[in-house]
Amino acid sequence: MNVSAVVRRHRLLLGSGILLGLLGTAATLLQPLLIGDLIEAVAVDEPTMRPILLLAGLFAADALLAATHFYLIGRAGENIVFDMRGTLTGRLLHSRIRAFNRLEHGDVFTRTVADTSLARVALSSSVSQMITSGSTVVGCVGVMAWLDWRMLLATVGCLGAASVIGLGLARAVRKAAVTNREDTSNYGSALLRVLGALTTVKASRAEEREAERIGELANAARASGIHVTRLSAMLMPAMNVGTQVSLAVVIAWGMSRTATGALPIEDLTAFIMYLFYLVSPLVMLFMSLGEIQQGRAAIDRVKDLARIETESTEGAPASTPVAETPAVEFKDVTFSYSDTTEPALTGVSFSLPRTGVTAIVGPSGAGKTTLFQLIERFQVPDAGTVRLAGTDIGALRLDELRSRIGLVEQDAPLMRGTIRENLTYARPEATAADIDEVIAAAHLADVVSALPDGLDTHLGEAGIGLSGGQRQRLAIARALLTRPDVLLLDEATSHLDSDSETALREAISAIGARCLVLTIAHRLSTTIGADRILVIEDGKLRATGTHTELMEGDTTYQRLASRQMTPVGGGAR
Ligand SMILES: Nc1ncnc2c1ncn2[C@@H]1O[C@H](COP(=O)(O)OP(=O)(O)OP(=O)(O)O)[C@@H](O)[C@H]1O
């Protein structure tokens, strides 16, 4: 992400805000001089109406400028953060699964939500604060030097010492804040991970243990947060002590000089006012410098996340396949998840016709899911080619490839919303007739008509409200709505009741008549009914055939069949 380009896009708003801030600073700086004029007018008994009106006008202008400055900078900041989050959301949604899987979800959340907020503060209010406070400090010092340079030197001496302490404290606050952010992020990541597996946590009766472990992380965040507060608490008093000392020096010395007539009383009054005006912007200057430093670290984290590798959406449109072309073809495909791991698939070759049900069986970890990952192009082969209807999928446009494939995952994740919204997720423009057709094909018509609001029934989080079998059939109907050429189905491992099982089986056979159904089979009944079976073991294609053929000729299949297709932990190898 090019952060300077993001800022440049909002430069008009930022620039206007900073300009108004500077005008407000000028209005503030003029006030003590006008008060000095007023005192002088009172002292020599001249009319006071003009300085009073001028002063009132200046106060009003100051207030108006401050409010507009605040609004414009705030607005620019929101626009900047919106821009950054938009870029991040787009990059994350288009990221390569391989790159995305390497990320911690809690960390992604912190970077997209909290770090962008810190970046917003740094790029808008802190920069503007630094410029306006910096100019106030310079302006105050300039006018004070003009009023009385000797007293200015005394002031700088007292305030300078406080500023050195303030600067040191600001730096310490920044460091402590970075630690606090890391601690908070660790807490968030841990909580997110545990909440993602809440049922496992409960089933393992690990609530107390997790509460304690996460409590420790929360406590680390608390301790570092307190450290930040402790240091911040010292910043203002350090500056206040500096101001009080310089004020005492200025008043004592200034009064003695006023008594001898060396310094007019109105100049002393104006000088003291400038001294007050100087302190707060000085603190603000240090704080904004600290925020900018913090923001820089946050911007680096945001930029780092935005560098995530994305999928290429380029590619050729698919050619119209001729009838004999295989629907899916693997040619000498080898693939490893990383350079350091053993290949998940080695030299796999097969070709599948355009209709019928093909079951994939094999022990756990054999590489069955990996086949699906390659067909969907979630992963790219290290060697060999995967073809869809005769075209190398690497050359196809990604949305075209995925629109031709329907994917039904094992736990069939559903989104929030109604059944209709879930069904039409991949094809929002589907007509009522299309929906009725896929509902019938997935044997869901009875289930839907029994629901209180039919298709408009709301599902809870993750599709709660439907049984496992119904959820998977709903996911099948959703996949069918795009009229795929290939339906990839990872059969649910959990046992379905016999009605659901029969409905699912009938649905799969019927769908096999219109497209290729490739199913990872966990049940013997699926493989018995399949047109062909691929037996995968240790990442290699071991055998191909029908149930009867494989029962005669393949020992792995025989072993899996005798265990009713439910291998555990790769023990069948
Ligand atoms: N994201 C991943 N990163 C690294 N290795 C992986 C990843 N996913 C799978 N693997 C490894 O690749 C191999 C094949 O895994 P795959 O998930 O394809 O097996 P499977 O046959 O579908 O197993 P199961 O029936 O248990 O789901 C295994 O050794 C597995 O450990």
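# Exercises on a predicted model

In this predicted model, glutamate 329 has serine 351 in S2 as its bridge partner.

**Exercise 1.** Determine the order of the strands in the open sheet that contains S1 and S2, and state which strands stand at the edges.

Solution.
1. Begin with the pair S1 (residues 328–335) and S2 (residues 345–352): these strands run antiparallel and are joined by 5 bridges. The bridge between glutamate 329 and serine 351 of S2 serves as an example.
2. Next, S1 also pairs with S4 (residues 383–388), in the antiparallel sense and over 5 bridges. Here phenylalanine 330 has valine 386 of S4 as its bridge partner.
3. S4 in turn is joined to S5 by 2 bridges, and these two strands run antiparallel. Leucine 388 is the bridge partner of threonine 391 in S5.
4. Put together, the pairings give an open sheet of 4 strands in the order S2-S1-S4-S5, with antiparallel pairing.
5. S2 and S5 (391–392) each have a single partner strand and stand at the edges, so one side of each has no neighbour in the sheet.

**Exercise 2.** Find which residues of helix H18 are buried, and work out how they are placed around the helix axis.

Solution.
1. H18 spans residues 555–562, and its buried residues are Thr556, Tyr557 and Leu560.
2. Viewed down the axis of H18, the buried residues fall within an arc of 95°, so they line one face of the helix.
3. The spacing follows a general rule: an α-helix has 3.6 residues a turn, so residues three or four places apart point the same way.
4. On the face turned away from the buried side of H18 are the exposed residues Thr555 and Ser562.
5. The cover over the buried residues of H18 includes strands S3 (356–361), S11 (532–537) and S12 (540–545), together with helix H17 (547–553).

**Exercise 3.** Describe the shell around the ligand by its residues, their classes and the element that gives the largest share.

Solution.
1. List the residues: the ligand is surrounded by Asn101, Tyr337, Thr341, Ala344, Gly362, Ser364, Gly365, Ala366, Gly367, Lys368, Thr369 and Thr370.
2. Sort them by class: 3 are nonpolar, 8 polar and 1 charged.
3. Assign them to elements: helix H9 (residues 368–375) gives the largest share of the shell, with 3 residues.

**Exercise 4.** State the domain bounds of the protein chain and how far apart the domain centres lie.

Solution.
1. The domain assignment gives domain 1 as 3–306 and domain 2 as 354–370 + 404–562.
2. Taken over C-alpha atoms, the centres of domain 1 and domain 2 are separated by 57 Å.

How values were computed:
Residues are numbered from 1 along each chain as its sequence is written. This is a predicted model: local features need pLDDT of at least 70, side-chain atom pairs count only at pLDDT 80 or more; totals for chains, interfaces and linings use all residues. A residue is near a molecule or strand if its C-beta atom, placed from the backbone, lies within 6 Å of it. Ala, Val, Leu, Ile, Met, Phe, Trp, Tyr, Cys and Pro count as nonpolar, Asp, Glu, Lys and Arg as charged, and the others, Gly among them, as polar. Domain bounds come from an automatic or database domain assignment. A residue is buried if 20 or more other C-beta atoms lie within 10 Å of its own, exposed if 12 or fewer, and partly exposed in between; C-beta atoms are placed from the backbone. The arc is that of the directions from the helix axis to the C-beta atoms. Two residues are in contact if their C-beta atoms, placed from the backbone, lie within 7 Å. Two strands pair if DSSP finds at least two bridges between them.
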